[in-house]
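I pulled up the model to go through its sheet and a few of its helices. My notes follow in the order I looked things up.

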Amino acid sequence: MLFCKYNLSQDDQIWRVIKLKSRNLFYIGMDSETKILMVLLFLTIAVRYLTFRMFTTGGDSINYWFAAKTLYYGIPYVNLDHQTTRFGVIIPLLLSMKMFGTSPLVSALVPVLMTIFQIVLLYKIGVNIHSIKTGFFASLLFMFFPRVLASGGQILPSTFSITYLLMSFYIILKLEGFKKYKIPAISFSAIFFFLAYESKVTNLYFLPGYFLGILLITKNRRDLILFALFLLTMYIGETILYYTGPGNVLGRLGVIMGTHLAQERHVPISFWELFGRFTKLQLWPRIQFYFYFAASFFIFFFRINIKTKIVTVTALIFYIATLFSVKSINPIIPAMPFNDVYLDFGVPFMMLVISVFIFELYDYFKSRYSFLKNNIFSGLLMNISETFTYILIVFFILALSVAVRFSGLLPENAVSKFFNDPFDFSQHKISLFIRYTEIINNAYNRGIPIVSGYKYPVKYYEMYKRIQKHIKKGINLKEACKKEGINLKFYYYIRTSMPLKSMKLVREVFLDLMPDKSRLPRVKKIEINNNLIHFIIKPQFSRGEDIVKFFQNDKSPLVIALRSSNMGPFKIIETDVSGFRQMMERTEFTRQ
């Protein structure tokens with residue numbers, strides 16, 4: 001029986017040998033905490049390799065890369081909006097271009113490095129506030145959180161923001177030990193927090209928790225004032241630059257108010273519908289969020305150290321502020337759409353709280369029930385080296401991940417989108433990055449059209465135009481859709497930007513051209529069988545009569561660019577007009 005009392009003294013000699021061998025095997029002159037971090041980093045790199053994703057066609061990532069590319073080539077930076085002013089994302093990309101060039105594969109370098117730094121910082125914070133096992137377990141939970149798996153390696157604000165936030169928070173936790181270097185430490189913490197703000201303005205919701213952390217850890221109001229002054233100085237400097245440059249009095253906030261908050265997707269909802277931001281999450285993230293809220297209650301009312309309570313409060317303030325973030329009270333209009341991505345920023349703090357809760361609860365029950373102390377598993381863990389234990393856990397996770405990849409339990413589209421075959425590098429996303437770059441540029445230079453694989457019926461284009469006319473008359477988007485007999489979800493499929501998503505990725509990322517929009521090829525369209533076909537072709541091959549003849553010839557070569565969607569990742573297909581027609585005939589519009 002696994003939970004019966006187990007007399008370890010009977011096997012003392014065996015355990016002594018196991019303990020001695022395991023410790024000698026993994027002795028490399030580092031303390032236990034560092035060795036376990038090395039094990040964790042090995043797992044992080046392995047997971048990133050297994051789950052490395054193709055460049056997403058969502059739009060945001062492309063805009064950040066294109067903005068950095070614009071600065072790289074010294075082209076006037078004139079299009080300011082809520083994305084192109086996220087310099088906490090754009091500047092690191094620019095630096096990577098300076099070192100490695102503008103190949104599309106370089107776009108993944110900084111985000112992957114950021115995810116590695118996140119694991120290091122999260123682990124160190126977990127060790128600082130509680131224990132090694134808390135840091136390790138919180139890092140595992142964070143690493144395998146669905147949204148983190150999906151966004152890791154992608155150019156997204158959360159990928160950069162989380163690194164900056166954790167770095168700033170870790171410095172705050174260590175302020176007690178800096179002594180005479182406390183002022184430089186506070187300044188660096190403020191700089192990293194400002195970079196988080198530069199990546200996503202809603203990271204300001206973490207600020208009360210950081211203020212509280214400085215006050216409770218150093219117990220010195222001067223440190224808090226210094227931190228606030230550093231932030232205020234940087235904000236004033238930024239605002240002056242926006243005023244003297246673009247002429248925006250409110251600085252970056254003014255840019256956001258004029259772009260992001262003015263989007264059509266912000267529609268009125270009821271007060272209770274605000275809570276849909278959490279209740280409509282996918283099942284596994286929703287379970288973890290609910291578990292986190294329960295764990296927060298436990299930590300508040302039990303004797304847990306003050307640093308853990310600071311982590312808990314910091315995350316709670318962020319999520320509550322996000323929940324009630326609105327641009328209008330009457331009627332209630334959310335300032336941000338209901339998207340899981342807006343909750344990602346607090347996930348590392350959430351995982352720390354969950355981990356502390358689990359180990360505190362386990363210790364509580366272990367102190368009261370002897371069977372949790374005296375069983376064969378406890379004996380094993382007590383008598384082999386701690387590092388070896390964590391290595392076993394890591395290899396078990398990797399083996400399980402590979403087994404799930406090849407088990408057939410997951411839908412093929414999920415496998416192709418999120419997982420790579422570790423034994424076939426030719427189909428790995430890194431290899432596809434290189435291959436797609438070559439195919440796209442060869443086709444463009446030879447005058448072969450690169451066609452959007454998005455099926456866009458003319459009737460839906462007409463419907464979209466009618467909805468836009470309703471909006472111009474002052475009707476909100478939800479009501480305009482009702483007038484046309486569709487819901488908001490379907491509306492997002494018929495926006496004119498949808499067939500352009502894969503074209504945008506081709507033009508602004510994969511084509512080896514200067515990012516000057518006057519030089520980039522325009523996206524053209526032609527009607528075939530009541531569908532609008534969007535394509536890119538080199539200007540000297542783009543005469544109207546030649547294009548018509550081209551698409552009339554079934555043997556004309558084409559390159560099809562399929563956008564990333566629930567059906568799979570961004571994909572490039574070499575075919576001909578006949579093959580393209582067949583693909584359009586069997587493609588369902590709403591399943592793309």
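Started with strand 4 (residues 524–528) and strand 5 (residues 531–536): they run antiparallel and are joined by 5 bridges. For the record, helices (H or I, at least four residues) and strands (E, at least two) are DSSP runs numbered from the N terminus, and two strands pair if DSSP finds at least two bridges between them. I looked up isoleucine 526 and found that its bridge partner in strand 5 is isoleucine 533. The hairpin of these strands has 2 residues between them, and asparagine 529 takes a positive phi near 50 degrees there.

Housekeeping: this is a predicted model, where local features need pLDDT of at least 70 and side-chain atom pairs count only at pLDDT 80 or more, while totals for chains, interfaces and linings use all residues. Residues are numbered from 1 along each chain as its sequence is written, and side-chain values use heavy atoms, with hydrogens and water left out.

Next I traced the whole sheet. It is open, with 5 strands in the order 4-5-3-6-7 and mixed pairing. Strand 4 and strand 7 (571–576) are at the edges with a single partner strand each, so one side of each has no neighbour in the sheet. From one strand to the next, the twist averages 35 degrees.

At the strand 7 end, I counted up the pairing with strand 6 (residues 557–562): 6 bridges, antiparallel. Alanine 561 stands opposite isoleucine 572 of strand 7.

Then I checked what packs on the sheet, taking contact as heavy atoms within 4.5 Å. Helix 26 (residues 577–586) touches strand 3, strand 4, strand 5, strand 6 and strand 7, and its direction makes about 120 degrees with that of strand 7. Helix 20 (residues 429–445) lies across strand 3 (450–452), strand 5, strand 6 and strand 7, at about 40 degrees to strand 7. Axes here are lines fitted to C-alpha atoms, for helices over the stretch in contact, and angles run from 0 to 180 degrees between N-to-C directions.

I also looked at helix 5 (residues 109–129). Its 21 residues should span 30 Å at 1.5 Å a residue, and the end C-alpha atoms are 31 Å apart, which agrees; the expected span is 1.5 Å times one less than the number of residues. Of those 21 residues, 15 are buried, meaning under 20% relative accessible area (1.4 Å probe, protein chains only).

Last, the whole chain: it has 26 helices and 7 strands, and buried residues make up 52% of its 592 residues.

Note on methods
Buried means under 20% relative accessible area, exposed over 50%, partly exposed in between (1.4 Å probe, protein chains only).
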